[in-house]
Amino acid sequence: MTTQLPVLYPTRSCGECTACCTVLAVLEIRKSERVACPHDEGSCAIYSCRPPSCHGYVCAWLLGWGDDADRPDKLGLIVDTGIATDGGGFLARETRPGAAEASRSRLRRLARRGLQFQTPVGKRRGPPTTVAVDLFNGERYLFTSDGRCHSQPPRVDITFD
Ligand code: SF4
Ligand code: SF4
């Protein structure tokens with residue numbers, strides 16, 4: 001299933017956050033998931049010519065989900081928006097052990113109510129969806145749009161030699 005959302009617009013700036021530079025795989029530079037990028041020097045050392053997949057990545061917080069304290073480097077979670085995953089819907093990746101448990105009720109609510117996000121003409125809300133939660137230790141569970149929680153097979157990271 002693919003969650004359908006209208007065109008989304010970043011409403012914030014990343015600031016000091018570089019959480020996705022560690023958590024996400026970057027195919028163009030053969031960077032594996034959950035491995036620090038060699039170009040991450042507190043900010044991107046190759047920012048002006050960073051790979052397209054870095055340039056195009058926008059997390060839910062950047063779109064307006066949550067508060068300032070929910071920036072991924074502070075929250076310990078990166079929420080991907082409206083991207084089809086193997087479970088469909090959104091994907092919340094834990095960057096710090098225990099962060100998902102601390103946000104459990106909010107992740108459940110995100111599945112039940114959909115993502116509220118900013119556009120140039122005001123706040124919009126996406127449809128109810130599923131939220132897959134990847135824990136730091138590789139375990140995974142899924143909230144369905146009825147708010148129920150289901151265990152999932154362990155995560156398999158994308159890795160490059
Ligand atoms: S996780 Fe989100 S806020 Fe942090 S650097 Fe990536 S896109 Fe920016
Ligand atoms: S190339 Fe730059 S933007 Fe892309 S993951 Fe590495 S540090 Fe982050």
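**View 1. The shell around ligand 2.** In this predicted model, ligand 2 is surrounded by Cys21, Val26, Cys37, His39, Asp40, Cys44, Ile46, Arg50, Pro51 and Cys54. A residue belongs to such a shell if its C-beta atom, placed from the backbone, lies within 6 Å of the molecule. Sorted by type, the shell around ligand 2 holds 7 nonpolar residues, 1 polar and 2 charged. For that sorting, Ala, Val, Leu, Ile, Met, Phe, Trp, Tyr, Cys and Pro count as nonpolar, Asp, Glu, Lys and Arg as charged, and the others, Gly among them, as polar.

A word on the numbering and the model. Residues are counted from 1 along each chain as its sequence is written, while chains are lettered from A and ligands numbered from 1 in the order in which they are written. As the model is predicted, local features need pLDDT of at least 70 and side-chain atom pairs count only at pLDDT 80 or more, whereas totals for chains, interfaces and linings use all residues.

**View 2. The shell around ligand 1.** Here 13 residues sit around the ligand, and Cys14, Cys17, Cys20, Cys59 and Pro72 come nearest. Helices H1 and H3 each give two or more residues to this shell. (Helices are DSSP runs of H or I with at least four residues, strands are runs of E with at least two, and both are numbered from the N terminus.) By type, the shell around ligand 1 splits into 11 nonpolar, 1 polar and 1 charged. Domain 1 (15-57) and domain 2 (58-152) each supply at least three of its residues; the domain bounds come from an automatic or database domain assignment.

**View 3. The largest nonpolar core.** This core has 32 residues, and Val79, Ala92, Leu107 and Val131 have the most contacts inside it. A core here is a set of buried Ala, Val, Leu, Ile, Met, Phe, Trp, Tyr and Cys residues joined through C-beta atoms within 7 Å. Buried means 20 or more other C-beta atoms within 10 Å of a residue's own, exposed means 12 or fewer, and partly exposed is in between, with C-beta atoms placed from the backbone. Among the elements giving two or more residues to the core are helix H1 (19-23), helix H3 (60-63), strand S1 (77-80) and strand S2 (90-94). Helix H5 (99-102), helix H6 (104-113), strand S5 (131-134) and strand S6 (140-143) do so too. Both domain 1 (15-57) and domain 2 (58-152) put in at least three residues. In soluble globular proteins, nonpolar side chains tend to be buried together. Zooming in on Val79, its contacts are Cys59, Ala60, Trp61, Trp65, Phe90 and Ala92, leaving out residues up to four places away in sequence. Contact means that two C-beta atoms, placed from the backbone, lie within 7 Å.

**View 4. Helix H6 and what follows.** The buried residues of H6 are Leu107, Leu110 and Ala111. Looking down the axis of H6, these buried residues fall within an arc of 95 degrees, so they line one face of the helix; the arc is that of the directions from the helix axis to the C-beta atoms. They pack against S2, H5, S5 and S6. Just after H6, Gly114 adopts a positive phi of about 80 degrees.

**View 5. Gly147 in its loop.** Gly147 lies between S6 and strand S7 (149-152). It counts as partly exposed because it has 13 C-beta neighbours inside 10 Å. Setting aside neighbours within four places in sequence, Gly147 touches Arg108, Ala111 and Arg112. Pro128 is 19 residues from Gly147 in sequence, with the two C-alpha atoms 9.8 Å apart.

**View 6. The loop between H1 and helix H2 (52-55).** Ile29 is placed in this loop and is partly exposed, with 15 C-beta neighbours inside 10 Å. Its C-alpha atom is 9.7 Å from that of Phe160, although the two residues are 131 apart along the chain. Arg30 is in the loop as well; its phi is near 55 degrees, a positive value in a residue other than glycine. Arg30 has 10 C-beta neighbours inside 10 Å, so it counts as exposed. Arg34, also in the loop, has a positive phi near 60 degrees. With 18 other C-beta atoms within 10 Å, Arg34 is partly exposed.

**View 7. Tyr57, between H2 and H3.** Tyr57 is found in the loop joining these helices and is partly exposed, with 17 other C-beta atoms within 10 Å. Beyond four places in sequence, Tyr57 touches Cys20 and Leu24. Tyr57 and Leu24 are 33 residues apart in sequence and 9.6 Å apart from C-alpha to C-alpha.
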